[in-house]
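Student: I would like to take a close look at a single part of this protein. Could you please guide me through one of its sheets, strand by strand?

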Amino acid sequence: MKNKWTRFIIVGTLLGMTQVVWGDHLGTAQAAAASKTSSQIKTTLKTLSNLPAVKLTSKSSVKLTDVNLLKQDEGKLLTYTLTYTNNDQRSLQLVDYWTKVRSKGGTVYTSKLLAQDAEKKSVAGGSSLSVTYVTTVGKNVELSSLNFEIVKWDFSKANYESILGKINIPASYNVATPVNKPKKVRINGVPVNVKVQSLQTFSASDKSDYASIRINLHNVGYKGLENAGVKWVLVTKGGSSYPLNVNANDSTYSLQPQESKSINYITTVPKKVKLDGAELIMVQENETEKSVIPLATMQLPKSSSMKNTEIKAGKVHTITLDDNKGKMATNVEEVSVSQTHGVNYYSVNFKIKNVGSREVTVPKYEFSVQNNKGKDFPLVTKALDALKLKPDEERLIRLTFNLPYDEAEGTMKLVMNTPKVEGAEDKEIKFSYPAGTYILPKASSMQQSVGAESTLQLQNGKLGVTWETIQRLPWDNADVLSARVTLRNISTNTIKLPELKGMLSVDSADIVDTQLLMSESSALLGPGMSVDLHLLTTLPTNLDVAQLQVALNEVVGENASELIRLTHIGQLPAVPRVKLGDNYAINNSGRKSEVKVKRTLVYPGTSSDIVYTELEVKNAEDRQIDLAKLTGYYETKTGEYYKTTVKQIDYPAGPGNSALVTMWSKIPRSIVVSDMSLLVGQTVGGQSTEKETTTSGKGYVDAVSFELKPDQESPLDKIKNFNIYPYTVETKDFKAVLSGGSTVNVSWKYDVSRNNDLNLPENEHKLILQIIEPTGKVFNKEIVLDKDFKEGNNQTLSWTLDDIVFNDRRSGAYTVALYDEFQGQRIKLATQAMGFVPAVGNLPESVPNPPEESL
């Protein structure tokens, strides 16, 4: 008989081998079917519902319907629910029954009712009632080693107890709610169906992963649930516990009757920890028990690894907000970079658009940049604070950051992280995970950007941005550094400029007190229109500048975000030169004008000369304008500067009209004036302190350097005709009549005309007329222009000289000299020798009347 069985097994084995070899395809299908059947058998797990009930009476019983075990430092907290079923017609009094938990080793763990069930005294006929008990068991106790005893009070027994039955949970039983099955729990008295929807993991760092669990809550009761106050703990198969934090957007929620809501929870777990067979335990703080009570235990589905999907440059990434609250399309548009002293400054245009059908509140995403070394650099922006978008509305977010050169090599990624979940306690971990990872396109360089137009995307259009000029100019005891930037509307619609703030950066040091001046008062720019911005600051005269940056920031409330940053490396451009006779055009919108040098004079002095220059400024507009206030410095061939005193009109100039501006300064006599130039720019940031007086300000911009050629005309040898601007004088008669005593009566008859081609500031020139008698004594007559001079023909000016040198003077010669006096220093205009006119009757008999000098 034994031999028969042996042969049967061998034959069967051979037949099986033959089937595998000869029937490969058929065998594969059969093996798959067998595997499926085997899998079904293996996955058929028994749960608490398979446990038998304990009979209380002939028509009533009790069943163990829920068990939860939560590991704590001092032991394991055990909650279990007994459901009493009364099929009798009369009530079942619960006071007659009790329960104990006893280990197989005989240890008894005292149980007590949860406070919420303490008032449940009986089970009505034909109904069921569930009550939950709590106890604490040892750290190493497993559920399978416990017996749940159902006890009836029996006073006939020695210990007054009669054990009606014991419930034991075999080790093969699954006490947790299976995957894809809802679990009905009462939260604050409200029945809620709880279901685990998904478990996803993704990398948090080199050593840990995020575990994200999505849980659905369905209120099946008749009243709303507010402030549920429940928490969740992820428990691995090995017993490690990881508390979960709720997603920031779901930190507070309510659940109306029959409403369903899905909520995301998250925690971090070490990469080496396996989540296969992990469970999720719902817990709630119980004030009565002074502890955290487990309410439900749920099996977790197999985790799926969620890779951070990288969005290629130029592609749109659509984000679905939690609970389908809306959809947003996101993408990176442009990246620009400027460099300074080992650091790259980046600007990223990031666009968010609401592509849903209702208004959304944009989460306060947190941004960071990852380089190709895997290093993460956080960015700061307040652009998403309280940001709401209507359907189809989009918002351009500008993100800026800087990286050292060696960290900025290769491809970089912009990571948009979900808002951090802030725990109720400081010790709780704050979580954030990527909502999108965007590969940044190659950045356009803003290096050496003076004169080149760059594109700036605004919310409502595009601007062309051109850094027109950089100038470093002398200013009192320091230098003024100015940059002119032109913004041009290159869109087809009118653009409203945001509130702007400027920043100059010298060798990577930001100058926070940079002034920003705008040529237009209106913030509106029509298509093709432009506006000039001037950025201004002061520098020490001895500070060398190797690199300069200009940044424009958008101001929103108290916050500012960078719009664009431009860089210049190397020497600053030279100030433009204006040749003799050429004009300097001021092209400020609405205040266009032309400036040219009219003449330069040198008033000699003892130790220093006064260099005086007249400029003619013409209004090039078709309406009255206030001409630009000017600042001037004389510059020597060796680079020395002398600030000028400036005079100009303080009233508007008419269309096409010109005005005179005067500039002067005292220059050492050792300096060759013909080698000098005049630096002239537009004064900014100040105002005139008095009418037609020196213009004060905080600096000047758009300067040019005028070539100078001082007038070197010799004095005239007649006083017949001469000019002292703006007057032209023709002498008709000049007499100095002796009186025979100490006085001489002088009379000057002349015609004078005034040149009114220019609007003139207050005239500070004086005409000095000298009479020099033969002994060398000089008599000065000061003639104040615009006061002592009277315009017209046949004018007479008379005065008297009184000096003892003329006593008994009966005849003789003298010299007349005319001077243009300015600030006490003079230029000789004309000189002529003349003879005194003797007093009538006083001529000596032997001396004839001297002939009058011909004029």
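**A close look at one sheet**

Tutor: In this predicted model, five strands make up an open sheet in the order β36-β37-β38-β44-β42, and their pairing is antiparallel. At its edges stand β36, which covers residues 453–458, and β42, which covers 515–518; each of these strands pairs on one side only. On average, neighbouring strands of this sheet are turned by 30 degrees against each other, with direction ignored.

Let us now follow the edge strand β42 to its partner. The strand β44, residues 530–539, pairs with β42 in the antiparallel sense, and 4 bridges join the two. One residue pair can be located on the structure: Met518 stands opposite Leu533 in β44.

A second sheet may be read in the same manner. This one is also open, with 5 strands in the order β47-β56-β55-β51-β52, but its pairing is mixed. The edges are taken by β47 (577–578) and β52 (641–643); each has a single partner strand, so one side of each is left without a neighbour in the sheet. Strand β51, residues 630–635, runs antiparallel to β52, and 3 bridges join them. Within this pair, Tyr633 has Lys643 in β52 as its bridge partner.

Finally, one may turn from the sheets to the surface. Trp153, Phe155 and Tyr160 make a nonpolar surface patch of about 390 Å². Phe155 lies in the loop between β10 (146–153) and β11 (161–168). With a relative accessibility of 66%, Phe155 counts as exposed, because the cut-off for that term is over 50%.

Conventions
Residues are numbered from 1 along each chain as its sequence is written. This is a predicted model: local features need pLDDT of at least 70, side-chain atom pairs count only at pLDDT 80 or more; totals for chains, interfaces and linings use all residues. Side-chain values use heavy atoms; hydrogens and water are left out. Two strands pair if DSSP finds at least two bridges between them. Patches are made of residues with over 30% relative accessible area and no salt bridge: like charges are joined within 9 Å, nonpolar side chains (Val, Leu, Ile, Met, Phe, Trp, Tyr) within 5 Å. Accessible areas come from the Shrake-Rupley method with a 1.4 Å probe; for residues, only the protein chains shown count as cover. A salt bridge is a side-chain nitrogen of Lys or Arg within 4 Å of a carboxyl oxygen of Asp or Glu. Buried means under 20% relative accessible area, exposed over 50%, partly exposed in between (1.4 Å probe, protein chains only). Axes are lines fitted to C-alpha atoms, for helices over the stretch in contact, and angles run from 0 to 180 degrees between N-to-C directions.
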